[in-house]
Amino acid sequence: MKQSAEIQVATVPQAVTKKRLVYWRSAIWYLLPSIILFSLFLFYPLAKTFYLSFFLTDRQGLANVFVGLENYQYILQAESFHKSIIATLLFVFYTVPTGVLISLFLALLTNEKLKGIGFFRTIFASTMGISVAASAVVWLFIFHPSMGILNQLITAVGGQSVEWLLNPDWALVSVSVTTIWMNIGFSFLILLGGLQNIDNHLYESARIAGAGYFYQLRRITIPMLSPTLFFVVTVSLINAFQTFGQVDILTQGGPSESTNLIVYSIYREAFVNYQFGTASAQSIFLFLCILIVTILQFTFGERKVHYQ
Amino acid sequence: MYAVELKHVDKSYDKKQLVVNDVSVTIEPGEFFVLVGPSGCGKSTLLRMIAGLEELSAGSLLIDGKRADHLPPSKRELSMVFQNYALYPHMTVADNITFGLDVKKIRKKERKEKCDEIAAMLGLTDFLKRKPRHLSGGQRQRVALARAIITNSPICLMDEPLSNLDAKLRAYMRAEIRELQRKLGMTLIYVTHDQIEAMTMGDRIMVLNEGTIQQIGRPIDVYNTPANPFVAKFIGSPPMNITNGILDSSTSRIHINDQSHLPFDSKQILNSTSNKVIVGIRPEQLTRYDETETNSVPITVTIDHYEILGTETLLKFNWNNETWYAKWYGQWDVQIGQSLTLALDCQSVCIYDSITGRLIKKPETVQHQDVSEEIV
Amino acid sequence: MYAVELKHVDKSYDKKQLVVNDVSVTIEPGEFFVLVGPSGCGKSTLLRMIAGLEELSAGSLLIDGKRADHLPPSKRELSMVFQNYALYPHMTVADNITFGLDVKKIRKKERKEKCDEIAAMLGLTDFLKRKPRHLSGGQRQRVALARAIITNSPICLMDEPLSNLDAKLRAYMRAEIRELQRKLGMTLIYVTHDQIEAMTMGDRIMVLNEGTIQQIGRPIDVYNTPANPFVAKFIGSPPMNITNGILDSSTSRIHINDQSHLPFDSKQILNSTSNKVIVGIRPEQLTRYDETETNSVPITVTIDHYEILGTETLLKFNWNNETWYAKWYGQWDVQIGQSLTLALDCQSVCIYDSITGRLIKKPETVQHQDVSEEIV
Amino acid sequence: KEPTDKSAEGQTSDNANAETDETAEVPEEKVEAVFWHAMSGGGQESIEAIVDNFNNSQDKYTIIPEFQGSYEEALTKFRSVGGTEDAPAIIQTFEVGTKYMIDSGFIEPVQSFIDEENYDIKQLEENILNYYTVDDQLYSMPFNSSTPVMLYNKDAFKEAGVDPENPPQTFAEIKEAAEDLTVKDGENTERYGFSILNYGWFIEELIATQGGLFVNNDNGRAESATEAVFNGQEGQRVFQLIDEMNQAGTYGNFGSNWDDIRAAFQTGKTAMYLDSSAGVSATVENAPFDVGVAYIPYSEEAERNGVIIGGASLWMTNSIDKEKQKAAWEFMKFLQTPESQAKWHLDTGYFAINPAAYEEEIVQEKWAEFPQLKVTVDQLQETKPSVATQGALSSVFPEARQQVVTAMENVLQGTDPKEALDKAAEETNRVIEQANRANQ
Amino acid sequence: MSRLQVTVTYLLLLLSSILIFFPILYAFFISFMSGAELLQGSIWPQSFHFENYQKAFDHLPLAHYLWNSFFVSTVVMLGQLVVSALAAFAFVFIPFKGRSFVFFLFISTMMIPWEATMIPNFLTIQHFDWINRYEGLTIPFFAIAFGTFLLRQHFLTIPTELKEASDIAGLRSFTFFCKVVVPYCRTSFVTLGTYGFLTTWNMYLWPLLVTNNDEVRTVQIGLKQLQTQEMATDWGVVMAGVMIVIIPTLILLFLGQKQLQKGLAQGALK
Ligand SMILES: Nc1ncnc2c1ncn2[C@@H]1O[C@H](COP(=O)(O)OP(=O)(O)OP(=O)(O)O)[C@@H](O)[C@H]1O
Ligand SMILES: Nc1ncnc2c1ncn2[C@@H]1O[C@H](COP(=O)(O)OP(=O)(O)OP(=O)(O)O)[C@@H](O)[C@H]1O
Ligand SMILES: [Mg+2]
Ligand SMILES: [Mg+2]
């Protein structure tokens, strides 16, 4: 038996490294397409952006004058960028929880086995099929100060019409409403999928135990759905940080920069003002923000998540 | 302590084939009722209908004398052990067990006490903090059992609750469940595949086949006088030996084959629909042939196979183109290929009508030996 | 037809507690090896290690004489039936069954033939087109079994493959598996909770407790001479009756209580570590007391409970502060509370060292009755 | 002047003839020149029709019109391909991109062709050319040009007792008229007196018409601007007007979307507003009431100077084949023919760069139907040429414009006008400084 | 569920669907209105005439745009499915070292603002000479971290026994991927596919950048071309355009939904 002990000592590490190599070799084949494409279309531009953020750019957009951290210093002290940050945070705060809750509500509604439920599911998922451009245009109409249906309704019942997109206090809310509407479809679909994957036996067992609807929701549905919820929240967060299209069409960042979300600000710096340096600095700043939020999400959020 | 009544219950999943077919039975309050039948015969389905998890396709269900077909499961005041456990994977064992109590808003302290008590009883104390996926199969099953027992519901449904336990634990659990059921007086409907469970635990057992009731009765009665060849073959392990015979009323004999003619008591009115009958005998009744025994017919067989099961020895052989078994008490040294002469006791046989499957002659032997008499 | 060797195998999931503890055993090529043990003792874990699904924490594994600890499962040429079936929910039953063949690039026609053959053997022919979720528990288990059998791998691992089947089907499957194993000559490692399976199917059985080997041997040997009280209580149903005794070498007696003193043959060297021993006797050895029998000690007991299990009657009583059983052949009419005198046969008892648990005296009775002799 | 005109006319009329002739003689391949434009909707239809006309009018050149999104988007793309072979021959760029284009080094001033060919530039509208002429060079060919005008609701004027034939002209008059025109129903204002689109262009115009400048160094035309001056008194007057009216509740804010403010006007939510001359005909046609068109108002403390041209012009790139440049040039000339201009003017409402177009029959017919259209032309032609009305040149114009809009929005939210303007100027100065640093 | 519960559920469903679907209906109605009708702020068109649609189609080669959009979206969808599934598979089923690090690297790409990468990417595409070609419109989108993330989450729910059973059966990992993972997670593939298709269908800025002419342009650019800046926009025509653009996606969604539900009903087997 001594012999076998020796064999063990000699062979195990070798075998383990060999196994690791095998894993790596096979993993690389699966990952290669993604890695190549990511490097080419994401990491390389990111690096370039990072590089540009230390420069002022000339008319051709070439890095011209090295300014060190000046661009960062500027955006960090500029009032309009502060406004952007606040607007972005507010926007995230308005859209993410509400959007997820509404989608969850709809998903729960349509998770019942009822006649014609497929129809309702299609309706709820439908906003997913509508492009940002199209839906923003439609909402532009809905928010229209004079012809818009919203104000028509409000004045019809004797209320005072609201300057949805013109009042800085309302504009962000209006953009948020549009965004929530646009995102509902997708979140709904994902959450519905998550709900349908929960083993029916669990509910059967709970029903026998006499658990009511909300009790089941709290003790079974939500915990079992937590990976999906986590996913939806993460994706919604990231999307909210990167919202652009609806702002461009609805408010162009106004009024009084109240909807000038960071991404829109970047867009304007880069494509209207041709300030690639500051645009890059803002991009990097945004990247770091999302990164931090995501890391927080993963470290604190995922703890509460139950994986099968 | 509620009665459960099924009246002409049908169930079909696909609206074509009946999985449960015209089942009518009344389960008395406080009764321990065992459901057996081959795999896929509709046992789980029946249980699920009683629990309210499946709709009845036809017929009605009464619980405690009241119509219950349309009550939601939570209103039926029952608990259930699922065949596949249905544990909540995201909760600890303790939370799983107390789930039902939590629903009923029972105080934390009381919940914990009850949980500890039941966990101790089922040997789960060490696992209370674990998640179900870190348990072995049998441990999971015990959690499922604990969860059902803890609620003290007047009706409890158990779908093969012990199938993953070892014999020792199973024996222990059998006794525990039986005792608990008596103590709480609950109505227990129990699905099992295990012969021992079926024979020992229930007040009554019901044999199902392809959704149809075959026999309902006390276990011992079902064992001794199986109502039809299906039950005869299904209950008892090894099953009852069965073969075809031709009834000859003139000679008062049943011709089984050229050599074997079984005499029968013509006083017993054999009201069969034709002269084709099925003759059955339990393996343990096939003793060695003793010429002095007049009521027996000798059959000579060649042993194909034998198994020593600890206390008893099982002999397998082919007779009259059927596989037959004999079960002898004790450990016997048999050779494969050895030839033996066995006694087919006319009084121990069951005779069935070949066409209707009805039992037309019960075994007569008084099998209940009286201990006190013999001892004296 | 490969040998499987485990050498000093340990396994721990949490790096603290050993779930499998220093297991060494050699399973011969073509052997039918049965693994039994209480729930949670590490049977599934052991199987999973052999299959390559879990890493060994220590020790080594040899398959066909070659080191295999680090081989991936696919290289080990084995098939496995999982305790929870592990069927592919998106495939039909037929696809599930032929899954392994498909991988081996076997022609479609041949695949279909094999599938049909095995489905017929397992009674699955009608379900081949269904998805697993439309099957009953037992049907699923049969699919899992079919999937493992069809590949003809030289080693097959089965984790409680029959636990969800009814007795009849189970008996049939027992025979089928046994026959198949013989025919194909495969090495079969079989986990079960079922006493009958354990006793009848295996060439050898291994009893595990808390990850440690208790005994390995022919089933009949394990039954007759359990190596320690654990095995004695675990194998056999009802378990062996056990009680404490004090060895008195001077009088060649074992004092059990005031009334009962068991004589023993002093020729048998009772090399116990102290004078504390454990005395065990199988329930079926507890016959009614007959004064002519000199080797027996009478014990008088009061029946607490009895069960008629078809062929035999089980008596339960309390003796010497232990729950004891007696198993009598036949159906007996007993009254609860009735007093009986039973014989404790000195030759049938097993005696264990109370401290080490070692068997120090085997039962002597030649239990193998020779049929031919008696018949003559 | 005459010969070019004739030749152009000749080409179109002898179209069929010329074609057969030349194909017989020169089986040469046609030169293709790509034309990037940013016209969508009706403008795109019209531009494509004109290009078709051009392509059919001769058989040497083919112009390929390609839509490239908004001006900003087109420019973004041009920045990447400018100076390479992939660059289009012609690109349409908005007026505020003028300075950028001049400095980019990717373009060929059309002046070189004018000089080469002795093209008679005088036939074109002077006030339009002024904008695109820098250092006496015409850099790009004006194309879609517009100016702001004030539109008002004549019916509402009558109803409120304001003379519809004599619309307010000065800020004070506007304020006064707006008081009368505003209709309130409790808290809700049913009709506002006056509105301006939240678009920097209108502010620039309102400053310029008072003779005020936008940036220093003669509006950036003497040398590169180094400082914004739109926060001078002219600018303050404009902002004050907006602020006062807003506080009085007579100013309606309809945001920065062209269609919104037009809809507001057409549905009677506002009685007067500033619009682009390009939008006049559509509004007049669609409005369910009588629409009046007037010059944009000026401050009574200043003189009326007129308006700056807005819109876009066509630029020729310098990194392409000479042949293509030639094609582009021919196309530009074709565009300036009265026929093309007349069509363009009628289709889109943009000015005819060549005033001769206004003499065309179709234009005259239309004018007879909508006399309002003539007002826009009059206003342009009456404009006094000066650095103020020539318009500002600045490489950071888009940004400056954005700053002004923000300032305007802030004023509408109650910020002090001067404070808002100063802040906008300060921001603009910073950007100018940075741009100058980067492009040294 | 009791009858009351069913009624309440239906009521809620009805109410929610009206709220959710209203904007689409609204656009649908507007697409039939003339300019004057629109100004009156009516919701219901006086008559359903198709002039606006006629105009939209006359004005632009919308059919061609639709085809381009369809082609590009399909290709991107397939590319994303393949690339993401491969990566997700590696993350779930191959325990290579540094797995979580690489995964996080992947996830981090989700946080890169797309606007920040647009210009460098445009230059890259130009360098590859992919301007005005389908390659430029499709290939940059094949790898999306989102897809990898989504599929990974779903792959994680595959019971480990299935992998183990396949290991024992001797499946190569790629075969396991094709035979078990893909069919088992059909739902998530449909979800991701729908998502990929629709996001590509909805892209505007990028297609505009990398195309110069109608040859390979997509329909969103067409939509933009219906709107004007300084001149009056014909909203009826724009809404007709909106409808033309969204109807195919809605139909796709409807079909996908059926498929989706089939997949969802598959459920997990315990
Ligand atoms: N959801 C379902 N859809 C269609 N058929 C089903 C469904 N569930 C069960 N069945 C079929 O109904 C029959 C009865 O199933 P049931 O689960 O009641 O059997 P069982 O008696 O519990 O069997 P087992 O002992 O194997 O668990 C079987 O033939 C099974 O295939
Ligand atoms: N993944 C796991 N993580 C931690 N502990 C585990 C895990 N799997 C099993 N165990 C523990 O290891 C021990 C042995 O488990 P195993 O599944 O081998 O038992 P078993 O003998 O197969 O039992 P059963 O007969 O109940 O299936 C048990 O105590 C169990 O709780
Ligand atoms: Mg079942
Ligand atoms: Mg196990």
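Which backbone atom of Gly40(C) lies 2.8 Å from an oxygen atom of ligand 2, and of what kind is that atom? The pair consists of a backbone N or O atom of Gly40(C) and an oxygen atom of ligand 2. The model under inspection is predicted, and the tour below starts from this contact.

**Stop 1: ligand 2**

Select ligand 2 together with chains B and C, between which the ligand lies. Its surroundings comprise 19 residues, and the closest are Arg130(B), Ser136(B), Gly138(B), Ser44(C) and Thr45(C). By class, the shell around ligand 2 contains 12 polar, 4 nonpolar and 3 charged residues.

Next, display the polar contacts. On the chain B side, pick Gln139(B): a polar atom of its side chain is 2.9 Å from an oxygen atom of ligand 2. On the chain C side, return to Gly40(C), whose backbone N or O atom is 2.8 Å from a ligand oxygen, and then pick Gly42(C), where a polar backbone atom lies 3.0 Å from an oxygen atom of ligand 2. With a surface drawn, consider coverage: on its own, ligand 2 has 630 Å² of accessible area, of which the protein covers 87%.

Now colour by secondary structure. Two or more residues of the shell around ligand 2 come from α4 (137-149) of chain B, and likewise from α1 (43-51) of chain C.

**Stop 2: ligand 1**

Move the selection to ligand 1. Why is this site described as shared between chains? The residues that surround ligand 1 come from chains B and C, so the site belongs to both. The shell numbers 19 residues, with Ser44(B), Thr45(B), Arg130(C), Ser136(C) and Gly138(C) as the closest. Of the shell residues around ligand 1, 3 are charged, 4 are nonpolar and 12 are polar.

Three contacts from chain B merit separate selection:

- Thr45(B): an N or O atom of the side chain is 2.4 Å from an oxygen atom of ligand 1.
- Gly40(B): a backbone N or O atom is 2.7 Å from an oxygen atom of ligand 1.
- Cys41(B): a polar backbone atom is 3.3 Å from an oxygen atom of ligand 1.

Ligand 1 exposes 630 Å² when taken alone, and the protein buries 85% of that area. To see the helices that frame the site, select α1 (43-51) of chain B and α5 (137-149) of chain C, each of which supplies at least two residues of the shell around ligand 1.

**Stop 3: a helix pair within chain B**

Remain on chain B and select residues 93-103 and 108-121, which form helices α2 and α3. The axes of these helices come within 10 Å and cross at roughly 130°. The arrangement of α2(B) relative to α3(B) is therefore oblique, and the crossing is right-handed.

**Stop 4: a helix pair between chains D and E**

Select residues 71-81 of chain D, helix α4, and residues 114-127 of chain E, helix α6. These helices pack at an angle of about 50°, and their axes are 11 Å apart. Consequently, α4(D) is oblique to α6(E). The crossing in which α4(D) passes α6(E) is right-handed.

**Stop 5: chain E as a whole**

Finally, isolate chain E. How many helices and strands does chain E contain? There are 14 helices and 0 strands. Measuring along the principal axes of its C-alpha trace gives a span of about 70 × 65 × 30 Å for chain E.

Technical notes:
Residues numbered from 1 in each chain as written. Chains lettered and ligands numbered in written order. Predicted model: local features only at pLDDT ≥ 70, side-chain atom pairs only at ≥ 80, totals over all residues. Heavy atoms only, no water. Near = heavy atom within 4 Å. Polar contact = N/O pair within 3.5 Å; in protein donor to acceptor, adjacent residues only side chain to side chain. Areas by Shrake-Rupley, 256 points an atom, 1.4 Å probe, with all protein chains shown as cover. Helix = DSSP H or I, 4+ residues; strand = E, 2+ residues; numbered from the N terminus. Nonpolar A, V, L, I, M, F, W, Y, C, P; charged D, E, K, R; others polar. Axes fitted to C-alpha atoms, helices over the stretch in contact; angles between N-to-C directions. Parallel < 35°, antiparallel > 145°, perpendicular 65-115°, else oblique. Left-handed = near helix turned anticlockwise from the far one by under 90°.
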